[in-house]
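Student: I should like to learn how to read a structural model feature by feature. Could we work through one together?

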2 protein chains.
Amino acid sequence: MTLPRIGVFDSGVGGLTVLKAMGEQIAAHYFYFGDTARLPYGTKSVETVARYAICAARFLEAQSIDLLVIACNTATALALPQIRDAAHVPVIGVVEPGTAMAAEISKHRAAIVIATEATVSSHAYRDALQQRGIDAYEKACPLFVPLVEEGWIDHPVTEQVARIYLDDAVAQAPNQADVLVLACTHYPLLAPLLRRIVSAQMQIVDSAESTARVVRRMLSNQHDAVILSDKVVPYCGATEERRTPISEGSSPRDHRTFRFYVTDSVDKFKRLATRFLGRQVDHVEHVDLGG
Amino acid sequence: MTLPRIGVFDSGVGGLTVLKAMGEQIAAHYFYFGDTARLPYGTKSVETVARYAICAARFLEAQSIDLLVIACNTATALALPQIRDAAHVPVIGVVEPGTAMAAEISKHRAAIVIATEATVSSHAYRDALQQRGIDAYEKACPLFVPLVEEGWIDHPVTEQVARIYLDDAVAQAPNQADVLVLACTHYPLLAPLLRRIVSAQMQIVDSAESTARVVRRMLSNQHDAVILSDKVVPYCGATEERRTPISEGSSPRDHRTFRFYVTDSVDKFKRLATRFLGRQVDHVEHVDLGG
């Protein structure tokens, strides 16, 4: 069976939540590129992020990918048009899938978007949601990524920080906002903690799951066999545990392959990736793109 | 009067605490290079940090500097020998001055060193202190830099995080450790908060002030006129407020100049630099070193 070859790009480990969501739903050969020597993109300018992202796209295209997923909210928000212009394969970002999901489920047509500083400054989510008739308040949460990378996923300090950020967001947000968009790929790891903090009426949209859904739909038109799961709205439930581990089972699941490329330390990536994916990560190669 | 030309290099804004300490003590032309497009160095490998630092040294040498200060603990800890090999001017790092100061004031010959992950992993401080007969426990505090950059300098969350880190450090440290070395250039901004948390017997050594002292001594042998202040142990006092603002006064203070070069957003740098230096920052130029 010829499985599709999917390139996945992020500045670091955050995009692994997107890879994990896709891996649970789609059998494919995955090529993950983490630009760890130059992370985080969240604090960098449009020009710098575009330059780095196009550099990564070139590397992944050299692995003969059929499709490129920009599993990085900052790169998508700041540089998707530039990456599409530069790429020779279809490119899917994380902003459009997340906003489409939010628009699908918001009853009050109002949302809160939490993200890095750069994603918020770009207003990519606000603009995309407005086009779908949703008012949005965007809140930068710069401490969430370091807290996740410190491993304080379910820690009192993280809960306190989350309460400060979300109290402020709720106070500033349009009345009756009923969707919280996790517009950074690190944030799905905080979803259980955030679920406890926000009101029961607030639905959480996870851009990793939303993006996997879009990729699955796109591929299902071409490759029936590759679809492993037909979950439709994987993370809007209030309390339901929806994440199944990447288990080793029957074909075509067995044929999935995962290769990882990073621009900085392989060991540090392996350690973090194991936490993000909930499984041992092998085949990590260091690559030097210069700079 | 011909003032010395001092190059100051850091991955971002942290080195501004070193610049500030030098600016208060030494009249000079200062050229500050912040490699903000590639920060933070604290999570990167030795090879990557060395490559970036040498690149920055080359840029500063092109500004005709007489002396290069590596105002970045990670770059000093990981790559000082490589930078010295590559440079054509004297190079001063921040590790040696901080450890010399610690050795000078520790009565019990035991210290706690707090730093980024990369600085701790390098064990540069532990090794340098051991050579001076001081036992040291090194503790990585990866949340301090993002907390400082969030502006939560004196915030309950920062205090809670600091208590967690320092309780752990004190529990692991050699008995009767009486010096706390702030081995990251961001940490001087947390000094008042840390002062409240640690015991009264614990003296705090700030590598910014220590480095300024070493530079001042070096220059005073050659240029008597440039010395603005003769403070000797600027931040070991328990409660004393020792930081004087960079005020505009009489010559040669008036002749000091400050130029700033960054590889990423000029605006973001100006905003953070104003917080670090306590004064408006102008003359910030964007430079592109490639990569």
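The dialogue below proceeds from the single chain to the sheet, the core and the contact between chains.

Tutor: Please bear in mind throughout that this is a predicted model. We shall begin with the chain as a whole.

Student: How many helices and strands does chain A have, and what share of its residues counts as buried?

Tutor: Chain A has 11 helices and 10 strands. Of its 291 residues, 53% count as buried. Sequence separation adds a further view: among contacts in chain A between residues at least 6 apart in sequence, 77% join residues at least 24 apart.

Student: Into which domains is chain A divided?

Tutor: Chain A comprises domain 1 (5–94 + 209–286) and domain 2 (96–207). Their contact takes 28 residues from domain 1 of chain A and 30 residues from domain 2 of chain A. On the domain 1 side, two or more residues each come from helix H1 (16–25), helix H3 (73–86), helix H10 (207–220) and helix H11 (266–277) of chain A. H10(A) gives the most to that side, with 5 residues. By character, the domain 1 side divides into 13 nonpolar, 10 polar and 5 charged residues.

Student: Let us take one residue of helix H3 of chain A, Asn73(A). Is Asn73(A) buried or exposed?

Tutor: One counts the C-beta atoms around the residue; 20 or more within 10 Å make it buried. Asn73(A) has 36 other C-beta atoms within 10 Å, and is therefore buried. Beyond its neighbours within four places in sequence, Asn73(A) is in contact with residues including Val94(A), Thr116(A), Cys184(A) and Ser207(A).

Student: How should I read a sheet?

Tutor: Strands of a sheet pair through backbone hydrogen bonds, in either a parallel or an antiparallel manner. In chain B, an open sheet of 6 strands follows the order E4-E3-E1-E2-E9-E10, with parallel pairing. Strand E4 (91–92) and strand E10 (284–286) of chain B are the edge strands, each pairing on one side only.

Student: How many bridges join strand E2 of chain B to strand E9 of chain B?

Tutor: Strand E2 (residues 29–34) and strand E9 (residues 257–262) of chain B run parallel and are joined by 6 bridges. Within this pair, Tyr30(B) stands opposite Phe258(B) in E9(B).

Student: What can the two faces of a strand tell me?

Tutor: In a regular strand the side chains alternate between the two faces of the sheet. Strand E8 (residues 203–206) of chain B is covered on both faces: Gln203(B) and Val205(B) are buried on one side, and Ile204(B) and Asp206(B) are buried on the other. Strand E7 (residues 179–182) of chain B runs parallel to E8(B) and is joined to it by 4 bridges. There, Leu182(B) stands opposite Asp206(B).

Student: How many of the residues of helix H1 of chain B are buried?

Tutor: For helix H1 (residues 16–25) of chain B, 10 of the 10 residues are buried, so the helix is largely enclosed by the rest of the structure. Lys20(B) and Glu24(B) are among those buried residues. The buried residues of H1(B) pack against strand E1 (5–10), E2, strand E3 (67–70), helix H10 (207–220) and helix H11 (266–277) of chain B.

Student: Which residues touch the most other members of the largest nonpolar core?

Tutor: In soluble globular proteins, nonpolar side chains tend to be buried together. The largest nonpolar core here has 196 residues, of which Phe9(A), Ala53(A), Ile70(A), Phe9(B), Ala53(B) and Ile70(B) touch the most other members. Apart from neighbours within four places in sequence, Phe9(B) is in contact with residues including Phe33(B), Ala53(B), Leu60(B) and Ile70(B).

Student: Finally, how many residues does each chain bring to the contact between chains A and B?

Tutor: Chain B and chain A bring 19 residues each. On the chain B side, helix H7 (144–149) and helix H8 (156–172) each supply at least two residues, and H8(B) gives the most, with 3 residues. That side divides into 7 nonpolar, 7 polar and 5 charged residues.

Student: How is chain B laid on chain A?

Tutor: A turn of 180 degrees and a shift of 0.0 Å along the axis lay chain B on chain A with an RMSD of 0.0 Å. That is the relation of a two-fold axis. Moreover, 100% of the interface residues of chain B are also interface residues in chain A, so the copies meet through the same surface.

Student: What does Val157(B) touch?

Tutor: Val157(B), found in helix H8 of chain B, touches Val157(A), Gln160(A), Val161(A) and Trp152(B), residues up to four places away in sequence not being counted. Val157(B) is partly exposed, with 18 other C-beta atoms within 10 Å.

How values were computed:
Residues numbered from 1 in each chain as written. Chains lettered and ligands numbered in written order. Predicted model: local features only at pLDDT ≥ 70, side-chain atom pairs only at ≥ 80, totals over all residues. Contact = placed C-beta atoms within 7 Å. Nonpolar A, V, L, I, M, F, W, Y, C, P; charged D, E, K, R; others polar. Least-squares fit on C-alpha atoms with pLDDT ≥ 70 in both. Core = buried A, V, L, I, M, F, W, Y, C linked by C-beta atoms within 7 Å. Buried ≥ 20, exposed ≤ 12 C-beta atoms within 10 Å, placed from the backbone. Pairing = 2+ DSSP bridges. Domains from an automatic or database assignment.
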